[in-house]
Structure formats: structure tokens, C-alpha cells
Amino acid sequence: MQTSAALDLAHTRPRPVHWLATAAAMAAVVAAAGLLQPEAATASQTAPGAGPVKKAAAATAPDASSAAYPLECRGEKPAVVKQGSGDLDGDGRPETVAVVRCVSGIGTPPSGVFVLTGPTSRVVATLVDPADGLGISDFAVSAGVVSATVHGYSSPDVPRCCPDRQEKVKWQWKGGKFARSVVPDARSM
């Protein structure tokens, strides 16, 4: 059967409205594809609903022995006495806290406590300044908290060998900086 040449079919002659509708439909598909992206891929498996794995778990803490400390030790390199690492500021990357002092042949020189970050082991905070003449013991880094016992002197007349004051302190990241607080003495209760 032959169709009549006089038969007018709307779909055989595209009009501007057809092109406009097609363009609008294509734009909607492209926009929806741009908004609906899959979750970021990770190299490890997670349980359903567990969320993405933090990338910081594989990050290494800064190396305390390679840092440049703001401490003058008469041409010698400062000694790292103790160190600890952990994610102190909650950014997912570990920081290193180091107790550092100059090496001396006799006595115990004052210590400094410094926070290091990044692959270059850059000093970003000083928790105890060596210029304050304090000693450090019972140092630990755990669960985002730096704790230590700080030893000092009540006056310039106290011999530098024998500090007569001590205070248990901790530092914790709060409000964009390290906040120092005194830990109550359990024996005083």
C-alpha cells in the first residue's frame, strides 16, 4: 500500500520547538549526571554504611630528629630526649611532640616541648620554651592530649640541680590553639 503524498505528518518536518525540546531534555540529563556523582574510590574495603576510610591512617608522623628547633646549643645539635605522635588537631594527620634540650656534660639543662607537623618536620608550636628554665618528666602523647610534669624553681636562689616546684599539666587543641591546663593532684583529694 502506498501512502498519499498529500498526507502531512508532523514528525516528518522538524520545527524549532522540536529542537528546543530536545536541547532542554539533553541539558537536564547532563545536569543530573553532574550532580549525581559516585562516592570517592578508596583502595581498601569498608563495611556497608561505614563511610570512607580516612587517608591519614597511612600518613607518617614527622621525624623529631630531623627538625630544626629554635634552640641555641653552642653550635651543637639539640638532643631529642622524648617524643610522641598522634593527631592532636583533628585534621586526620599525625603530629609529633618532642622534648628537646641541649646536651651538657654536667647537670640537666632546661627542656623545650615542641609540636612538629608535615613531611618537613616543621615546628608549629612551642608548648614549653627552654628560656623558661623548666625541666620535663612523665611525658606522654595519648588520645590527642600531651601530658607532662613540669619542674621549676621558686626563686633564683634555688640551686639549678634541684627544682623545688612541679606541676602536672596537659595541652589539648581547642579553638585553633593548644590550651594548657593543670591536672589536679590526686593526693590532695
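In this predicted model, strand β3 and strand β4 (residues 122-128) run antiparallel and are joined by five bridges. Within this pairing, Val115 lies opposite Ala125 of β4. The hairpin that β3 and β4 form has four residues between its strands, and Gly118 adopts a positive phi near 75 degrees there. Strand β3 also pairs with strand β2 (residues 95-101), again in the antiparallel sense, through six bridges. Here Ala98 faces Phe114 of β3 across the pairing. In general, the strands of a sheet are held in register with one another by backbone hydrogen bonds, in either a parallel or an antiparallel arrangement.

The surroundings of β3 were examined next. Seven of its seven residues are buried, and the strand is accordingly described as mostly covered. This holds for both faces: Ser111, Val113, Val115 and Thr117 are buried on one side, and Gly112, Phe114 and Leu116 are buried on the other. For Phe114 the relative accessible area is 0%, which is under the 20% limit for a buried residue.

Two aromatic pairs are present in the structure. In one of them, the ring centres of Tyr69 and Phe114 are 5.4 Å apart and the ring planes meet at 45 degrees, so the pair is classed as tilted. This contact links distant parts of the chain, since Tyr69 belongs to the loop between α1 (16-35) and β1 (79-86), whereas Phe114 belongs to strand β3 (residues 111-117), 45 residues away. Tyr69 is also buried, with a relative accessible area of 11%. The other pair consists of Trp173 and Phe178, whose ring centres are separated by 5.0 Å; their planes stand at 75 degrees, and the pair is therefore edge-to-face. Its two members differ in exposure: Trp173 is partly exposed at a relative accessible area of 33%, while Phe178 is buried at 18%.

An open sheet is formed by four strands in the order β5-β6-β7-β8, with antiparallel pairing. Strands β5 (135-142) and β8 (177-182) occupy the edges; each has a single partner strand, and therefore one side of each lacks a neighbour in the sheet. From one strand to the next, the twist averages 25 degrees. Six bridges connect β7 (residues 165-174) with β8 in the antiparallel sense, and Lys170 is found opposite Ser181 of β8.

Strand β6 (residues 145-152) includes Val145. This residue counts as buried because its relative accessibility is 17%, and the limit is 20%. The C-alpha atom of Val145 is 6.8 Å from that of Leu88, although the two residues are 57 positions apart along the chain.

Pockets were also considered. The largest pocket has a volume of about 280 Å³. Its lining comprises 15 residues, among which Thr108, Pro109, Pro110, Tyr153 and Arg160 lie nearest the centre. By class, eight of the lining residues are nonpolar, six are polar and one is charged.

Notes. Residues are numbered from 1 along each chain as its sequence is written. This is a predicted model: local features need pLDDT of at least 70, side-chain atom pairs count only at pLDDT 80 or more; totals for chains, interfaces and linings use all residues. Side-chain values use heavy atoms; hydrogens and water are left out. Two strands pair if DSSP finds at least two bridges between them. Helices (H or I, at least four residues) and strands (E, at least two) are DSSP runs, numbered from the N terminus. Axes are lines fitted to C-alpha atoms, for helices over the stretch in contact, and angles run from 0 to 180 degrees between N-to-C directions. On a 1 Å grid over the protein atoms alone, a cavity is a set of points where a 1.4 Å probe fits but cannot get out, and a pocket is an open set with protein on both sides within 12 Å along at least five of seven lines; lining residues have an atom within 4 Å of a point. Grid points are joined across faces, edges and corners, and a volume is the space filled by probe spheres set on the points. Ala, Val, Leu, Ile, Met, Phe, Trp, Tyr, Cys and Pro count as nonpolar, Asp, Glu, Lys and Arg as charged, and the others, Gly among them, as polar. Rings of Phe, Tyr and Trp (its six-membered ring) pair if their centres lie within 6.5 Å; planes under 30 degrees apart count as stacked, over 60 as edge-to-face and the rest as tilted. Buried means under 20% relative accessible area, exposed over 50%, partly exposed in between (1.4 Å probe, protein chains only).
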